[in-house]
Amino acid sequence: MSDRRVVIVTGGAKGIGYACVRKFYEDGDCVVIADHDVEAGRIALDRLGAPEKRVIFVSCDVSDKLSVHNLVAQTLNNFGRIDVLVNNAGIIIKGGSLDLSLDDFDKVLSVNLRGAFLTSRAVAKHMVQVLNEKDDRSGRERCGFSIVNMSSINASVAIANILAYSVSKGGLAQLTSAMALELAPYGIRVNSVGPGSVKTDMLAGVAGNQEVYDMILSRTPLGRIAQPDEVANVVAFLASENASYITGECIYVDGGRLALNYVMPKKN
């Protein structure tokens with residue numbers, strides 16, 4: 001078995017997820033791209049150009065228990081271990097309390113919150129088993145296992161017409177805290193990253209709408225939209241030994257948005 005770390009990234013075929021995959025791969029880790037979109041997964045593998053012994057794709061619906069079980073099984077079958085889980089899979093369906101259908105509400109929470117719970121539980125059970133079998137490791141050595149959840153500024157501030165997404169991220173914040181406390185005695189760290197506006201497919205709809213784009217920049221002190229790799233760098237930090245004493249935290253990558261209680265003037 002290789003000494004390289006093994007990292008699972010859900011929703012890893014596109015956007016922030018793919019940026020995380022690329023970052024971990026470039027850092028020397030073995031990576032599992034988990035995504036429900038098979039074609040996007042194949043494209044991601046081609047873009048990365050990585051050998052199969054370093055990166056694989058596993059089709060996975062994180063909201064389905066059996067699919068998550070298969071993800072963990074395939075990861076262990078290929079690499080023999082799991083060191084880091086990045087729960088990045090997520091969807092947005094627009095709608096508020098007056099117009100969002102119950103099916104759409106359930107769908108968002110099923111992927112964004114239930115999915116993070118199912119994958120975290122499955123991976124954490126494996127990690128605990130490994131640690132129990134090797135209980136001679138020191139406290140700091142036992143901090144090599146890490147779970148990083150992809151939260152959002154919408155865990156703290158809401159947007160009315162993406163109610164289900166905001167609720168799911170609020171729930172994910174508490175999932176992060178509760179699991180961090182539960183797994184701390186084992187040395188397994190659980191943290192989250194909360195992006196603001198990031199240049200991904202989720203934000204693609206505003207690309208041609210100058211009014212919406214200006215509105216986004218007006219609430220972003222740094223005056224620009226983030227690149228996916230800027231979020232991936234923080235994810236990699238939280239999963240690294242450099243963050244060995246950090247658990248139960250969320251680092252917001254939002255260009256200063258949560259610190260703002262007014263809007264920024266438009267730059268001419």
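This tour moves from the central sheet to the helices lying across it, then to two helix pairs and one serine.

The model is predicted, so local features need pLDDT of at least 70 and side-chain atom pairs count only at pLDDT 80 or more, while totals for chains, interfaces and linings use all residues. Residues are numbered from 1 along each chain as its sequence is written, and side-chain values use heavy atoms, with hydrogens and water left out.

**The sheet**

Begin by showing the strands, which, like the helices, are DSSP runs numbered from the N terminus (helices: H or I, at least four residues; strands: E, at least two). Seven strands make up an open sheet with parallel pairing, in the order 3-2-1-4-5-6-7, where two strands pair if DSSP finds at least two bridges between them. Strand 3 (55–59) and strand 7 (250–253) stand at the edges with a single partner strand each, so one side of each has no neighbour in the sheet. On average, neighbouring strands are turned by 15 degrees against each other, direction ignored.

Select strand 2 (residues 30–35) next, where six of its six residues are buried, that is, under 20% relative accessible area, with exposed meaning over 50% and partly exposed in between (1.4 Å probe, protein chains only). Cys-30, Val-32 and Ala-34 lie on one side of the strand, and Val-31, Ile-33 and Asp-35 on the other. Strand 1 (residues 6–10) pairs with strand 2 in the parallel sense over five bridges, and Ile-8 stands opposite Val-32 in strand 2.

**Helices across the sheet**

Now add helix 2 (residues 38–48), which lies across strand 2 and strand 3 and runs at about 175 degrees to strand 3; axes are lines fitted to C-alpha atoms, for helices over the stretch in contact, and angles run from 0 to 180 degrees between N-to-C directions. Helix 4 lies across strand 1, strand 4 (84–87) and strand 5 (146–150), running at about 175 degrees to strand 4.

**Two helix pairs**

Keep helix 4 (residues 102–133) selected and add helix 5 (residues 163–183): the two pack at about 15 degrees, with axes 8 Å apart. They are therefore roughly parallel, since angles under 35 degrees count as roughly parallel, over 145 as roughly antiparallel, 65 to 115 as roughly perpendicular and the rest as oblique. Residues that meet here include Phe-105, Leu-109 and Phe-117 in helix 4, and Leu-172, Leu-175 and Met-179 in helix 5, contact being heavy atoms within 4.5 Å.

Turn then to helix 1 (residues 15–26) and helix 7 (residues 228–238), which pack at an angle of about 55 degrees, their axes 8 Å apart. That angle makes helix 1 oblique to helix 7. Among the residues in this contact are Ile-16, Ala-19 and Phe-24 in helix 1, and Val-231, Ala-232 and Val-235 in helix 7.

**A last stop**

Finish on Ser-166, which is found in helix 5 and is buried, with a relative accessible area of 10%. Leaving aside neighbours within four places in sequence, Ser-166 is in contact with Asn-154, Ala-158 and Ile-159.
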